[in-house]
Amino acid sequence: MAKSDPEGVTDGANRSRIDDGSHGEELRADGPATAIDVDGLELVYSDGTAAVRGIDMAIPEGEFFGFLGPNGAGKTTTIKVFATLLSPTAGTVSVNGFDVRSESRKVRQSIGYMAQETSIDPELTAAENIRFACEAYGVSRGKRAARVSELLDLVDLADVADKRAEEFSGGMKKRLDAATALVHRPPLVFLDEPTTGLDPKARNRLWEYFRRINDLGTTIFLTTQYLEEADQLCERLAVILDGEIVADGSPADLKHEVGGEVLEVELEGGPAVRNRAATLAREFDAFATASVTETEAGISVTAETARQHGTDLLVALRDAELTVTGFNIRAPTLDDVFLAITGEELDTDEGEVPR
Amino acid sequence: MSTPSADDSRGPTGRPASGNTFLGDVWVNFKRWNLKAVRNPFVLVVSLVQPIIFLVLFTQVFGNVAGSAVNQGLPGVSYETYLLPAIAIQVALASAITSGVGLVNDIENGMFEKVLVTPMNRTAVFLGKTAAELFRIAVQIVIILGLGILLGAEIVTGLVGALGIVAVGILFSLWFVAFSNGLAIITRDQESTIIAANLLQFPLLFLSSAFLPLATLPDWIQTFARVNPVTYGVDAARSLMLDRDVMTVIDISWFGGTLDGVVPGLLVLIGLDLVLGAIAVSLLSRASSSDVK
């Protein structure tokens, strides 16, 4: 049925939308459609803190985009500018073709936004929370009941639809929050660290759910602390550091840029031993461009030739009378990418994440 | 609605695609806050319990003593009748505090920001919330008036007077609603808002014409009572209750009757509502603006 969705956000002038009853295909006359277009974005807080310092990015419709960076790098500030909660100090941002400054209400109509802190009304039931969101986003009266039960099913809260949200676990609250961000079937959804603080099971469940809505054509802009999450979900990533984008590309591209493979060596002995081993590895001829770091149990060497010459290094370490207790050669992960780019590790511990 | 075209931005009723209208947005928020009021025992009960305790205890404990003090100026008026309009104002005061508390809770649980990201009109959002609170205050005053009548108070002006007292109570509550919202935005903390508003409640009530005729109170209290909004609210409500001009702090004779006691009080309250309302609105719009802070 080629029926247009009255809730589908269409500005009439330059876009029209065919909705097959689910998340429809966007049709645009003017070439490939861009969900978010950012040009020279800067944001300076009134205390002088420059949270974002000149960002340019273009995110095509339908993409699953990941935005990474350590705490305080400017992730949340950026996402709040996109969601019209903060006005840019300089630069232009257009979201779904609307300017965030001059057409902020149209932007708000056309996006879903899930804040970092779980935002639900604990005094209302799950169904009431979603119904309120339906009404707030102007979902027509006739569609509300169906939308509420459809979203409750999607996030597996149908059983507790009439329970008050204050009784829910953290994971259930997050899922309810996610559902309320989707009531108007926005073509673009912002998720600001949606799985922070969730147990792995709850996290997997949300991932599955985000993949599902992305498969239906929804553009997703995700910030996350968990590199595994970005690796699993995102087609493209950007890394922000001190308010500037320092790397972007697909997870595979970024891993490739790390430069080769990672050799991890475990050593017997204390910091002095690790330090000596690291010095040896840096001076090792076969690893001219290697980056060497000391880890908790030994050293880690990243080099193009790690696989070919890894054993040579082990021999060299033995000759220096260091005791190797274990070793492993592996492909780089996003953690390695992150370490290489930012010089610091993202806290990827399960559960508690210091903020 | 069968072919996609530029017109599809309009729904079947011809409204914009978002379906948001100003009145619709007011209604959505009005419903939400009423639902929350029914769910939250603090909001409904606590703001009623204290005034009820005052009404029962004051009339039973002080009734005889206070009654004779009242009778010196107002012969034949029972203390129940004298006190009831003051308790109605107390309800308005106590209940208005919960408006700010609701706002703080919304800020704390993220709903404030969540609502800002929706396409709802922001004025409509706060109008809906305030309307729900005023509606609740009206219901609570009606309950208190009913209870007072059961205890022996008499509204001389009957049903019209009772509705008038509800209206005075609502006008009175507005400035305190604005005040508690201002506190909420400035402190952004539930405890601070409750404590600050509650600390003010008792001095305001006792240092006014609420519980005893001003003439029987010390000079310093009389001086304070002149600038105390509670005096204006209570005297206006009491004039309606007794059907005579008992306004103690402004003496006019424009109408020659009960209205001389009601109108000046209302004018003062309206002025106060506008001033504090404007402050609260500007604080609210600053808190909800996207300008970098």
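**Helix packing, domain contact and local backbone features in a predicted two-chain model**

In chain B, the residues G161(B), G164(B), I165(B), V168(B), G169(B), F172(B) and W175(B) of α6(B) meet P229(B), G233(B), A236(B), A237(B), L240(B) and M241(B) of α9(B). The residues of this contact divide into nine nonpolar and four polar, with no charged residue among them. The model in which this packing appears is a predicted one. Helix α6 of chain B spans residues 158–187 and helix α9 of chain B residues 229–242, and the two pack at an angle of about 170° with their axes 8 Å apart. At that angle α6(B) is roughly antiparallel to α9(B), because angles over 145 degrees fall in this class. One member of the contact, G164(B), has its place in helix α6 of chain B and counts as buried, with 20 C-beta neighbours inside 10 Å. Once neighbours within four places in sequence are left aside, G164(B) is in contact with T157(B) and L240(B). By contrast with these contacts, T216(B), which is 52 residues from G164(B) in sequence, lies 27 Å from G164(B) in space, C-alpha to C-alpha.

The wider setting of this helix pair is a chain that contains ten helices and zero strands, and the sequence of chain B accordingly reads as the pattern α-α-α-α-α-α-α-α-α-α. Taken along the principal axes, the C-alpha atoms of chain B fill a box of roughly 80 × 35 × 35 Å. Of the 293 residues in chain B, 48% are buried, and among contacts in chain B with a separation of 6 or more, 74% join residues that are 24 or more positions apart. In the loop between α9 and α10 (259–288) of chain B is found D243(B), a residue other than glycine whose phi is nevertheless positive, near 60°. D243(B) is partly exposed, with 15 other C-beta atoms within 10 Å.

A second helix pair is found in chain A, where the axes of helix α5 (residues 170–180) and helix α6 (residues 200–215) come within 10 Å and cross at roughly 15°. The two helices, α5(A) and α6(A), are therefore roughly parallel to each other, and α5(A) passes α6(A) in a right-handed crossing. From α5(A) the contact draws on G171(A), K174(A), R175(A) and A178(A), and from α6(A) on A202(A), L206(A) and Y209(A). By class, the residues of the contact of α5(A) with α6(A) are four nonpolar, one polar and two charged.

Chain A is divided into domain 1 (15–249) and domain 2 (258–342), and the C-alpha centres of these two domains of chain A lie 40 Å apart. The contact takes nine residues from domain 1 of chain A and six residues from domain 2 of chain A. On the side of domain 1 of chain A that touches domain 2 of chain A, α7 (227–233), β11 (236–241) and β12 (244–249) each supply at least two residues, and the largest share, three residues, comes from α7(A). This side of domain 1 of chain A comprises eight nonpolar, no polar and one charged residues.

Within chain A, helix α1 (residues 75–82) has eight of its eight residues buried, so it is largely enclosed by the rest of the structure. The buried residues of α1(A) are K75(A), T76(A), T77(A), T78(A), I79(A), K80(A), V81(A) and F82(A). Just after α1(A), T84(A) takes a positive phi of about 65°. A positive phi, near 55°, is also found at N96(A), a residue other than glycine, which lies in the loop between β6 (90–95) and β7 (98–99) of chain A. N96(A) counts as buried, with 24 C-beta neighbours inside 10 Å.

Another loop of chain A, between β8 (111–114) and α3 (126–136), contains P122(A). P122(A) is partly exposed, with 17 other C-beta atoms within 10 Å. Beyond its neighbours within four places in sequence, P122(A) is in contact with R164(A), A165(A) and E166(A), and also with N109(B) of chain B. Of these partners, E166(A) is 44 residues from P122(A) in sequence, yet the two are 4.4 Å apart in space, C-alpha to C-alpha.

Conventions:
Residues numbered from 1 in each chain as written. Chains lettered and ligands numbered in written order. Predicted model: local features only at pLDDT ≥ 70, side-chain atom pairs only at ≥ 80, totals over all residues. Helix = DSSP H or I, 4+ residues; strand = E, 2+ residues; numbered from the N terminus. Buried ≥ 20, exposed ≤ 12 C-beta atoms within 10 Å, placed from the backbone. Contact = placed C-beta atoms within 7 Å. Axes fitted to C-alpha atoms, helices over the stretch in contact; angles between N-to-C directions. Parallel < 35°, antiparallel > 145°, perpendicular 65-115°, else oblique. Left-handed = near helix turned anticlockwise from the far one by under 90°. Nonpolar A, V, L, I, M, F, W, Y, C, P; charged D, E, K, R; others polar. Domains from an automatic or database assignment.
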